[in-house]
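Hi everyone, thanks for coming. I'd like to walk you through one model today, so please have the viewer open and follow along with me.

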2 protein chains.
Amino acid sequence: MDPDITFRYEPVPEDCAAVRAIVESTGFFNPAEIEIAVELVEDCLEFGEASEYYFVFAERDGAVAGYTCYGPIDGTEGSFDLYWIAVDHGRRSQGLGRVLMRETEGIVRAAGGRRIYAETSGREQYEPTRCFYERLGFSRETQLRDFYAPGDDKVFYVKAL
Amino acid sequence: MDPDITFRYEPVPEDCAAVRAIVESTGFFNPAEIEIAVELVEDCLEFGEASEYYFVFAERDGAVAGYTCYGPIDGTEGSFDLYWIAVDHGRRSQGLGRVLMRETEGIVRAAGGRRIYAETSGREQYEPTRCFYERLGFSRETQLRDFYAPGDDKVFYVKAL
């Protein structure tokens, strides 16, 4: 692994701006989705573990280059949701997504996690997202037809640990 | 429809006890699940529409005989979750579940709803729940294997409106 990457797990107030910048830089998310990404950081800052949002921040040169946000799914034994995984556009294609995922999986496994779920849209424009999950070792398990809107399925990916 | 049944849509503080009594009476839910049922009423009482929990209470002889709790699913166009549908044990087999579901569907449709989802476990002991949804016109759409625990799938039911 790149020795210049360090991990951090506790969000700090500056992460709100960092997460916003990273998520915006991807060019992939709409304004409402970007707000949600920032709100999850704010919730964790305000409520701590009660928020049930956990983070892995990957830093390089003192700046956040990518992050994951994940958490246990209530009412399950060992199922976790991967809410966000995003890498700064300028740091793409350096394997940072894989490194972040491996780190996140290690923590989830140590916490008794068995499965990590990621959900996305079945629309054409989300093909890169679906490929990204598959490269990270997720399998497409199933889908709910027309879930998001007519013609817009919800696709479930899972990674068994 | 039974002319003695009236519907009410705004929870009142007394509904916390009524919902607890109904959910307990079914003999079907564990203490943690019963607390969640009551918490959704409390959330709606405290936060109103911001809670995104909506209710239909069916009353007979001045008492709540059954209820549904439902709400729109964030990030979707017209998908709703049916969080709870329960009928007092002493009022079973009188078609109250069907009456509650029809009333709930009418409201959801008027609010632009297209689909109502219900989720349950694939375990043997939940066979009555799955039959109940099927009798109410839901179709089993798919499942996530081992979602709740090893050997305990999450099953998705949907009713297209």
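I'll start with the confidence scores, then go through the sheet, the domains and the place where the two chains meet.

So, first things first: this is a predicted model. Chain A has an average pLDDT of 95, and 99% of its residues score at least 70. For the model as a whole, ipTM is 0.90 and pTM is 0.91.

Let's look at chain A. Its 7 strands make an open sheet, and if you walk across it you meet them in the order β1-β2-β3-β4-β5-β7-β6, with mixed pairing. At the edges you find β1 (6–8) and β6 (139–149) of chain A, each of which pairs on one side only. From one strand to the next, the twist averages 25 degrees. Now, which helix of chain A packs on this sheet, touching β1, β2, β3, β4 and β5? That is helix α3 of chain A, residues 96–110, and its direction makes about 35 degrees with that of β3(A).

Please zoom in on the pair β5 and β7 of chain A. Strand β5 covers residues 115–121 and strand β7 covers residues 152–160, and the two pair in the antiparallel sense over 7 bridges. If you want one pair to click on, take A:Glu119, whose bridge partner in β7(A) is A:Phe156.

Next, the domains. The assignment for chain A gives domain 1 as residues 1–113 and domain 2 as residues 115–161. Taken over C-alpha atoms, the centres of these two domains of chain A are separated by 18 Å. How many residues does each domain of chain A bring to the contact between them? Domain 1 of chain A brings 12 residues and domain 2 of chain A brings 7 residues. On the domain 1 side, β4 and α3 of chain A each supply at least two residues. The largest share there comes from α3(A), with 6 residues. So the helix we just saw packing on the sheet turns up again at the domain contact. By class, that side of domain 1 of chain A has 4 nonpolar, 4 polar and 4 charged residues.

Now over to chain B. Here too we have an open sheet of 7 strands, in the order β1-β2-β3-β4-β5-β7-β6 with mixed pairing. The edges of this one are β1 (5–8) and β6 of chain B; each has a single partner strand, so one side of each is left without a neighbour in the sheet. The twist averages 25 degrees from one strand to the next. Helix α1 of chain B, residues 15–25, packs on this sheet and touches β2 (54–60), β3 (63–72) and β4 (79–87) of chain B, with a direction at about 95 degrees to that of β3(B).

Stay with β7 of chain B for a moment, as there are partners to point out. With β5(B), residues 115–121, β7(B) pairs in the antiparallel sense over 7 bridges. There, B:Ile116 has B:Lys159 as its bridge partner, and B:Glu119 stands opposite B:Phe156. With β6(B), β7(B) runs antiparallel and is joined by 6 bridges. In that pairing B:Ser139 stands opposite B:Val158, while B:Thr142 has B:Phe156 as its bridge partner. β6(B) and β7(B) form a hairpin with 2 residues between them, and B:Gly151 in the turn has a positive phi of about 80 degrees.

That brings us to the two chains together. 13 residues of chain B are in contact with 13 residues of chain A. Which element gives the most to the chain B side? Strand β6 of chain B does, residues 139–149, with 7 residues. By class, the chain B side has 5 nonpolar, 4 polar and 4 charged residues.

And how do the copies relate? Chain B can be laid on chain A with an RMSD of 0.0 Å, by a turn of 180 degrees and a shift of 0.0 Å along the axis. The two copies are therefore related as by a two-fold rotation axis. The residue of chain B that comes closest to that axis is B:Thr142, at 3.6 Å for its C-alpha. Finally, 100% of the interface residues of chain B are also interface residues in chain A, so the copies meet through the same surface.

That's my tour, and I'm happy to take questions.

Methods:
Residues are numbered from 1 along each chain as its sequence is written. Chains are lettered from A and ligands numbered from 1 in the order in which they are written. This is a predicted model: local features need pLDDT of at least 70, side-chain atom pairs count only at pLDDT 80 or more; totals for chains, interfaces and linings use all residues. Two residues are in contact if their C-beta atoms, placed from the backbone, lie within 7 Å. Helices (H or I, at least four residues) and strands (E, at least two) are DSSP runs, numbered from the N terminus. Ala, Val, Leu, Ile, Met, Phe, Trp, Tyr, Cys and Pro count as nonpolar, Asp, Glu, Lys and Arg as charged, and the others, Gly among them, as polar. Copies are superposed by least squares on the C-alpha atoms of residues with pLDDT of at least 70 in both. Two strands pair if DSSP finds at least two bridges between them. Axes are lines fitted to C-alpha atoms, for helices over the stretch in contact, and angles run from 0 to 180 degrees between N-to-C directions. Domain bounds come from an automatic or database domain assignment. pLDDT is the predictor's confidence in each residue, from 0 to 100.
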